[in-house]
Amino acid sequence: MKKMIIFDPAMCCSTGVCGPSVDPELLRVSTALNSLKKKGIVVDRHNLTSNPQAFIDNKIINELLNSEGVDILPVTMVDEEVVKIKAYPTNKELCQMLDIPEDYLAVKKPLGIKIKSSNSGCCDGDGCC
């Protein structure tokens, strides 16, 4: 199994739900990584704020930070090789990088919820709103 590590920029949390507004990209990444964990695929994740030693100990990341600065973050590595910089992998990229089926991260519609599409406004255009 491939080993993936994501080196996050300095932030208060990795979920994206803290602070004044929710960061949808951080929320997506956290959700994807939780889904992978439930399937037995663990992706290590290090935050510059809470775990700076991981950035120091990893020679590749240390050299990148010294040459490029913190703007290079986030950095994703697979099997000790940098595979993505300055952005988080998409769900599709995560699957490709880890050699896993895309349905591991497929977004499923909740059962029982119907989404009605109408160009006539709310309440089917009958003015009941």
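**Entry 1: the salt bridges**

Does aspartate 44 count as buried, partly exposed or exposed, and at what relative accessibility? I looked this up before anything else, and aspartate 44 counts as partly exposed, at 27% relative accessibility. I note at the outset that I am reading a predicted model.

I then looked for the salt-bridge partner of aspartate 44 and found lysine 3, whose side chain meets that of aspartate 44 at 2.6 Å, N to O. Lysine 3 lies in the segment before β1 and aspartate 44 in strand β2, so this pair ties together parts that are 41 residues apart in sequence. Lysine 3 is likewise listed as partly exposed, with a relative accessibility of 41%.

The count of salt bridges comes to 5, and I followed up two others. In one of them the side chains of aspartate 8 and arginine 45 meet at 2.8 Å, N to O. Because aspartate 8 lies in strand β1 and arginine 45 in strand β2, the pair ties together parts that are 37 residues apart in sequence. Aspartate 8 has a relative accessible area of 1%, and I therefore enter it as buried, the limit for that word being under 20%.

The other one joins arginine 28 to glutamate 25, with the closest N and O atoms 2.7 Å apart. These two residues are 3 apart in helix α1, which means that about one helical turn separates them. Arginine 28 is partly exposed at 22% relative accessibility, and glutamate 25 is partly exposed at 31%.

**Entry 2: the sheet**

In what order do the strands of the open sheet lie? I read the order as β2-β1-β3-β4, an open sheet of 4 strands with mixed pairing. The edge strands are β2 (44-47) and β4, each of which pairs on one side only. From one strand to the next I find a twist that averages 20 degrees.

I went through two of the strand pairs. β1 and β3 run antiparallel and are joined by 4 bridges, and in this part of the sheet methionine 4 stands opposite valine 78 of β3. β3 and β4 also pair in the antiparallel sense, over 4 bridges, and I noted that threonine 76 has lysine 84 in β4 as its bridge partner. These two strands, β3 and β4, form a hairpin with 2 residues between them.

For the packing of a helix on the sheet I checked α3, which lies across β1, β3 and β4 and runs at about 150 degrees to β3.

**Entry 3: the nonpolar cores**

Which residues have the most contacts inside the largest nonpolar core? That core has 18 residues, and the ones with the most contacts inside it are Met4, Leu36, Val43 and Leu98. The elements that give two or more residues to this core are β1 (4-8), α1 (24-38) and α4 (91-98), and α1 gives the most, with 5 residues. Apart from this core lies another, of 11 residues, and I wrote down Phe55, Leu65, Val75 and Met77 as being among them.

I returned to methionine 4 to list what it touches, leaving out residues up to four places away in sequence. The contacts of methionine 4 are Val43, Asp44, Thr76, Met77, Val78, Leu94, Met97 and Leu98. Two names in that list recur from my earlier entries: Asp44 is the salt-bridge partner of lysine 3, and Val78 is the residue that methionine 4 stands opposite in the sheet.

**Entry 4: backbone angles**

I kept in mind that most residues other than glycine have a negative phi, and that most peptide bonds are trans. Where, then, did I find a cis peptide bond? It joins leucine 73 and proline 74, with omega at about 0 degrees, and proline 74 has its place in the loop between α3 (59-68) and β3 (75-78).

For positive phi values I began at the turn of the β3-β4 hairpin, where aspartate 79 has a phi of about 50 degrees. Glutamate 80, in the loop between β3 and β4 (81-85), has a phi near 65 degrees and is partly exposed, with a relative accessible area of 47%. Aspartate 99 is found in the segment after α4, and its phi is near 55 degrees, again a positive value in a residue other than glycine. At 57% relative accessibility I count aspartate 99 as exposed, because that word applies over 50%.

Note on methods. Residues numbered from 1 in each chain as written. Predicted model: local features only at pLDDT ≥ 70, side-chain atom pairs only at ≥ 80, totals over all residues. Heavy atoms only, no water. Core = buried A, V, L, I, M, F, W, Y, C linked by side-chain atoms within 4.5 Å. Buried < 20%, exposed > 50% of the residue type's maximum accessible area, 1.4 Å probe, protein only. Contact = heavy atoms within 4.5 Å. Pairing = 2+ DSSP bridges. Axes fitted to C-alpha atoms, helices over the stretch in contact; angles between N-to-C directions. Salt bridge = Lys/Arg side-chain N within 4 Å of Asp/Glu carboxyl O.
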